[in-house]
Amino acid sequence: MSDPMRIRASVVGDKVEVKVLMAHPMESGLRKNADGSIIPAHFIDRVVASCKGKTVLAADWGPAVSKNPYLSFRFSGAAKGDMVSVTWTDNKGDTRTDEAAIA
Amino acid sequence: MKRVLSYLLLSVFAASASAQEIDPTAESRELMGDDNPAFFWETRGEALWKEARGPKKANLSQCDLGLGKGVVAGAYAKLPRFFADTAKVQDLESRVLTCAETLQGITPAEMLKVRFGNGDDQRSEMEAITAYLVSTSKGAAMQVSMKHPKEKAAYALGEQIFHYRSGTHDFSCATCHAESGKRIRLQALPNLTAKADAQKAYVTWPAYRISQGELRTMEWRLNDCFRQQRFPDLQYGSEAAVALTMFLAKNADGGVLEAPTMKR
Amino acid sequence: MTPIHVSRRKFLSAASKFGAALAVLPLLRPFAAFAATERNTAAFSAKSMSDVIKAYGGADAKESTEITITAPEIAENGAVVPVTVESKIAGTRTISVLVEKNPAALSARFEIPEGTDAYAATRVKVGETSNLIAVVQTADGTFYAQKPVKVTLGGCGG
Amino acid sequence: MTQHPFIRSLALAISLFGLTAQAAAAKPEPDVAKVLQQSFKEKGQAGLDRLQQDETQAACSTGKPVQPEAAAKIIATNQASVRDPADGQYLGDWKAGEKVAQSGTGRQFSDDPAKPSGGNCYACHQMAEKEIAYGTIGPSLKHYGKLRGTSEPILKYTWAKLYNAQAFMPCSLMPRFGHKDILTEQQLKDVMALLFDASSPVNQ
């Protein structure tokens with residue numbers, strides 16, 4: 001089971017700035033165990049953020065995004081109190097959605 | 001006037017050049033900002049602290065970390081210290097082990113089943129609990145007591161261990177940490193015998209180590225330094241570990257706690 | 001995610017077994033689609049910037065000073081290198097972050113809908129001293145900027 | 001309290017002239033060794049014997065500059081330990097030497113004892129100019145051979161310095177690579193070549 005994301009969304013000027021931390025191993029599939037066997041790839045490959053039913057950012061990721069990934073972006077058209085929701089999906093089909101109110 | 005200005009400018013440049021020389025990776029840390037995965041350990045640690053567990057089905061909220069039962073905020077800034085109930089000087093981690101045993105009936109061996117996590121599926125409860133407890137002292141200034149004779153003795157012992165050269169490589173802590181302005185490879189080395197460096201080093205642990213994807217505490221920091229000194233395995237909460245922590249914490253007196261931070 | 005997503009995933013892995021994914025994928029994925037889309041496995045296995053751009057149906061990229069990459073000159077650790085890309089090119093629709101010398105160049109591709117700044121910050125793995133490349137797609141074409149990042153050894157070495 | 005080699009040797013020189021002659025340094029409290037024995041456990045190749053100091057280590061653990069009498073003893077003991085290469089050849093292969101200089105593993109409880117140890121020279125010294133990740137605990141060795149030439153005395157001195165740094169500088173921070181069997185004779189020769197060979201990156 002994965003840890004909840006930390007989503008921080010705040011109004012900066014006339015924009016909303018979103019900062020997200022996700023708990024995920026982001027295993028590249030290139031590393032080996034002590035016994036020489038390959039550790040299978042396990043990484044978030046899709047991230048979608050939305051606010052008021054509209055996608056405000058989407059991303060395709062590869063295994064070269066760092067472990068416990070960080071993402072930040074800015075968008076317009078939302079105000080304090082609106083909810084920002086972020087969903088990630090990984091290459092094993094696991095998914096997680098969390099949301100936070102804009103501060 | 002012009003001359004003074006250009007002199008000032010020159011000295012500013014000279015200063016920044018030498019800072020870059022001593023700590024070439026400072027920019028990298030700066031750009032990382034304050035979004036620190038240590039958050040995940042703090043969250044897990046808080047849940048572990050408040051969850052009724054163990055044979056006694058109790059939580060840890062009645063643990064006395066030195067400021068009285070149940071007081072968490074600010075406690076880390078005054079550790080290690082002497083505790084009358086155990087008649088020992090204890091650091092944060094060894095004190096938590098005492099509380100888990102007395103309040104919850106969970107043995108130290110059980111608590112330390114995973115002593116240090118592997119950044120993945122092997123998670124250390126102690127790393128999570130420590131991250132949580134330290135985070136509640138953010139902004140507090142280090143103020144370590146030397147009133148009790150055992151506190152004084154622990155400091156003196158810690159100082160001796162700091163300078164103790166041994167093993168295949170003749171290393172001691174002092175080999176790398178007793179002179180200012182030095183680095184190992186590109187890593188700036190704090191002089192742990194000098195106030196400013198000692199403060200800066202101590203107040204930034206525990207830290208999320210990005211190279212390991214893991215939250216590391218002072219107990220780990222000491223254990224891994226000794227590993228690289230070619231010493232054997234420093235035992236968690238041992239007399240040497242606590243004494244050395246006492247030496248480092250006292251030298252950091254006045255430093256304002258920032259941990260958990262992020263390190264390389 | 002939806003079952004559709006899963007079945008697409010299965011389709012992709014089957015397709016790549018027959019080596020067909022390279023040819024089919026760009027057709028499946030219209031350039032400006034922001035809805036849940038199929039993963040462009042060709043782009044994520046490409047070794048070079050030009051192959052990444054090709055995988056997304058783009059052509060020759062022009063270097064642009066209107067793309068800013070913020071990243072450290074010397075990475076403290078290659079496992080986590082902070083990178084921020086900002087594009088001032090009008091109509092920026094996607095921002096891709098590439099690491100030239102990584103086994104697969106493309107790290108992340110951000111789709112920028114109307115109303116979202118052409119700005120993205122993340123942290124990426126950089127295996128060895130290399131250029132970071134930001135590729136920006138607009139309706140008018142493909143642009144890029146690059147910045148070298150040194151990856152070195154820190155610490156005691158053991 | 002400074003550990004800087006130059007200052008320390010200066011202090012030593014002054015004290016040898018009798019300007020600051022003092023009693024021998026105070027020995028560490030006897031119970032430190034006992035506490036360490038109880039606080040550590042054997043792991044991998046690192047046994048508790050690693051915590052037993054030899055005379056040199058004990059004399060260099062006071063946290064104070066070493067005193068003249070102790071310094072003279074350290075130099076004498078460690079001078080006597082130096083063994084020149086059996087075949088009289090000081091220089092090996094600089095490419096192998098560069099690998100030794102880059103590697104920081106060996107002798108840790110986490111290391112495979114069957115694998116050769118590194119010298120980890122870059123941890124403390126600047127050497128080849130192209131390697132920017134070098135430490136500053138020791139002096140720069142850039143252009144080491146180019147600046148000093150390859151005369152017999154300088155080869156002999158450098159060999160002895162690598163073999164046992166305390167033969168020249170009491171309480172030097174540098175490991176005694178030959179004396180403590182950290183590097184093999186061949187590895188020492190390879191590091192010598194890295195320092196002296198005209199085609200070595202150190203001398204470019």
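Select Arg46(A) and Asp60(A): Asp60(A), in strand 4 of chain A, is the bridge partner of Arg46(A). This is a predicted model, with an ipTM of 0.84 and a pTM of 0.86.

**Stop 1: the hairpin in chain A**

Widen the selection to residues 44–51 of chain A, which make up strand 3. Add residues 54–61 of chain A for strand 4. The two strands run antiparallel and are joined by six bridges. Now go to the turn. Two residues lie between the strands of this hairpin. Click on Lys52(A), where phi is positive, near 50 degrees.

Is strand 4 of chain A mostly covered or mostly open? Mostly covered: six of its eight residues are buried.

**Stop 2: across to chain C**

Keep strand 4 of chain A selected and add residues 106–111 of chain C, which form strand 6 of that chain. Strand 4 of chain A pairs with this strand too, in the antiparallel sense, over four bridges. To find one of the bridges, pick Ala58(A) and look for Glu111(C), its partner in strand 6 of chain C. Strand 4 of chain A therefore deserves a second look from both sides, as strand 3 of chain A and strand 6 of chain C both pair with it under the definition of pairing used here.

While in chain C, colour by pLDDT. The chain has a mean of 81, and 74% of its residues reach 70 or more. Then select residues 1–36 of chain C. Here pLDDT stays under 50. The model still has 34 contacts for this stretch beyond four places in sequence.

**Stop 3: from chain A to chain B**

Show chains A and B together. Nine residues of chain A are in contact with seven residues of chain B. On the chain A side, four of the residues are nonpolar, one is polar and four are charged.

Now colour chain B by pLDDT. Its average is 92, and 92% of its residues score at least 70. Where does the pLDDT of chain B fall below 50? Select residues 1–17 of chain B. Beyond near neighbours in sequence, this stretch has zero contacts in the model.

**Stop 4: a sheet inside chain B**

Select residues 207–209 of chain B for strand 5, then add strand 6 (214–216) and strand 8 (261–263) of chain B. These three strands form an open sheet in the order 6-5-8, with mixed pairing. Strands 6 and 8 of chain B are the edges, and each pairs on one side only. Neighbouring strands of the sheet are turned by 35 degrees against each other on average, direction ignored.

Zoom in on strands 5 and 6 of chain B. They pair in the antiparallel sense over three bridges. Click on Tyr208(B); its bridge partner is Leu215(B), in strand 6 of chain B.

**Stop 5: chain B meets chain D**

Bring up chain D. How many residues does each chain put into the contact? Chain D gives 43 and chain B gives 36. On the chain D side, the elements that give two or more residues are helix 2 (31–39) and strand 1 (40–41). Helix 2 of chain D gives the most, with five residues. By class, this side of chain D has 20 nonpolar, 15 polar and eight charged residues.

Finish with strand 7 of chain B, residues 233–234. This strand pairs with strand 1 of chain D in the antiparallel sense, over two bridges. Select Leu234(B) and look straight across: Phe40(D), in strand 1 of chain D, stands opposite.

How values were computed
Residues are numbered from 1 along each chain as its sequence is written. Chains are lettered from A and ligands numbered from 1 in the order in which they are written. This is a predicted model: local features need pLDDT of at least 70, side-chain atom pairs count only at pLDDT 80 or more; totals for chains, interfaces and linings use all residues. Two residues are in contact if their C-beta atoms, placed from the backbone, lie within 7 Å. Ala, Val, Leu, Ile, Met, Phe, Trp, Tyr, Cys and Pro count as nonpolar, Asp, Glu, Lys and Arg as charged, and the others, Gly among them, as polar. pLDDT is the predictor's confidence in each residue, from 0 to 100. Axes are lines fitted to C-alpha atoms, for helices over the stretch in contact, and angles run from 0 to 180 degrees between N-to-C directions. A residue is buried if 20 or more other C-beta atoms lie within 10 Å of its own, exposed if 12 or fewer, and partly exposed in between; C-beta atoms are placed from the backbone.
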